[in-house]
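Subject: Structure handover

Hello,

Please find the structure below, with the sequence. My notes on it follow.

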Amino acid sequence: MRYFVFIPFISILASCSPVKKGLLNDPQSPVFEIAVRKVKDGMKEDFTARRANFITALKAQDGVSNDREFQSFYALPEPDKQEVFIGMTQYATGQTVGKVQGKVLGKFMKFAKTMDLKAYVFVQPIEGGTFDLGELAAKPGQVLELAVRRVKPGQEANFQSSRKAFVNWLNGQAGVAGSWEFKVVGGKDVEGLTVGMSVYESQEAFQAIAGKVQSLPEAGTYFSTFEPVALQYAVSANNQ
């Protein structure tokens with residue numbers, strides 16, 4: 001039995017980098033885990049039950065707060081073929097992550113069998129003002145946009161300038177509650193990854209703005225600088 005638990009654990013360590021201390025903006029500031037999870041076919045009930053067991057154990061650990069779950073209803077550049085849920089957890093510091101994960105490994109391993117990861121990162125906010133995970137798209141009807149993108153080689157400067165131009169435009173639109181940019185400080189396959197979030201006050205506001213984006217020059221320039229990893233549009237869900 002120990003053999004079969006040991007092998008997948010090694011696989012996880014090999015594919016997922018821990019939080020990298022040298023990348024942290026502030027070693028004493030919170031770190032946020034973002035897991036974009038695709039439910040395996042025929043395993044929705046198991047996914048829900050095992051997620052509840054895992055989240056209960058996770059939230060009981062010292063240094064863990066504001067665990068949230070979001071259900072994706074739309075994705076770009078094409079719809080997801082499986083149901084997708086986004087889990088976000090706040091850790092007190094980067095060092096907290098390793099201490100906590102070792103304590104909940106057993107329940108996580110059972111949960112992991114029910115899903116595939118579309119994206120998995122640890123981040124710290126760098127733009128957009130105060131970021132409060134507990135209040136993120138928490139009002140009824142609000143829509144969360146999560147953008148996990150891989151910047152194309154040689155496009156780093158263009159990505160930053162075009163992203164700022166696009167976000168400035170977006171924040172000026174009616175129905176946008178806020179936007180944040182994050183620095184990736186660990187996770188799975190993180191080379192070139194960047195993360196951004198925006199919150200829309202309603203699906204109607206999101207749809208109205210999405211219609212404008214299709215013909216917006218700033219958007220075309222911005223989108224040409226990266227490859228989408230997980231571009232999800234989601235609403236708050238009950239993670240228990």
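Glu201 sits in the loop that joins strand 8 to helix 6; helices (H or I, at least four residues) and strands (E, at least two) are DSSP runs, numbered from the N terminus. Its relative accessibility is 37%, so Glu201 counts as partly exposed; buried means under 20% relative accessible area, exposed over 50%, and partly exposed in between (1.4 Å probe, protein chains only). From Glu201 to Ala174 the C-alpha to C-alpha distance is 8.9 Å, with the two positions 27 residues apart in sequence.

On conventions: this is a predicted model, in which local features need pLDDT of at least 70 and side-chain atom pairs count only at pLDDT 80 or more, while totals for chains, interfaces and linings use all residues. Residues are numbered from 1 along each chain as its sequence is written, and side-chain values use heavy atoms, with hydrogens and water left out.

Strand 6 and its partners

Strand 6 covers residues 143–151, and eight of its nine residues are buried. It pairs with strand 8 (residues 193–200) in the antiparallel sense over eight bridges; two strands pair if DSSP finds at least two bridges between them. Within that pairing, Val143 has Tyr200 of strand 8 as its bridge partner. Strand 6 also pairs with strand 9 (residues 226–237), again antiparallel and over eight bridges. There, Arg149 stands opposite Pro228.

The second largest pocket

The second largest pocket has a volume of about 590 Å³. A pocket is found on a 1 Å grid over the protein atoms alone, as an open set of points where a 1.4 Å probe fits, with protein on both sides within 12 Å along at least five of seven lines; lining residues have an atom within 4 Å of a point. Grid points are joined across faces, edges and corners, and the volume is the space filled by probe spheres set on the points. The lining has 31 residues, and those nearest the centre are Leu76, Glu145, Phe166, Phe223 and Tyr233. Among the elements that give two or more residues to this lining are strand 3, strand 6, helix 5 (156–171) and strand 7 (176–188). Helix 6 gives the largest share, five residues.

Salt bridges

The structure holds nine salt bridges, each a side-chain nitrogen of Lys or Arg within 4 Å of a carboxyl oxygen of Asp or Glu. Three of them are described here.

- Glu69 and Arg37 meet at 3.3 Å, N to O. Glu69 is in strand 3 and Arg37 in strand 2 (residues 31–39), 32 residues apart. Both Glu69 and Arg37 are buried.
- Lys118 and Asp80 meet at 2.5 Å, N to O. Lys118 lies in strand 5 (residues 115–127) and Asp80 in the loop between strand 3 and strand 4 (84–91), so the pair ties together parts that are 38 residues apart in sequence. Asp80 has a relative accessible area of 27% and is therefore partly exposed.
- Asp189 and Arg150 meet at 3.2 Å, N to O. Asp189 is in the loop between strand 7 and strand 8, and Arg150 is in strand 6, 39 residues away in sequence. Arg150 is partly exposed, because its relative accessible area is 23%.

In addition, Glu127, Arg149, Arg163 and Glu181 are joined into one network by salt bridges that share partners.

Regards
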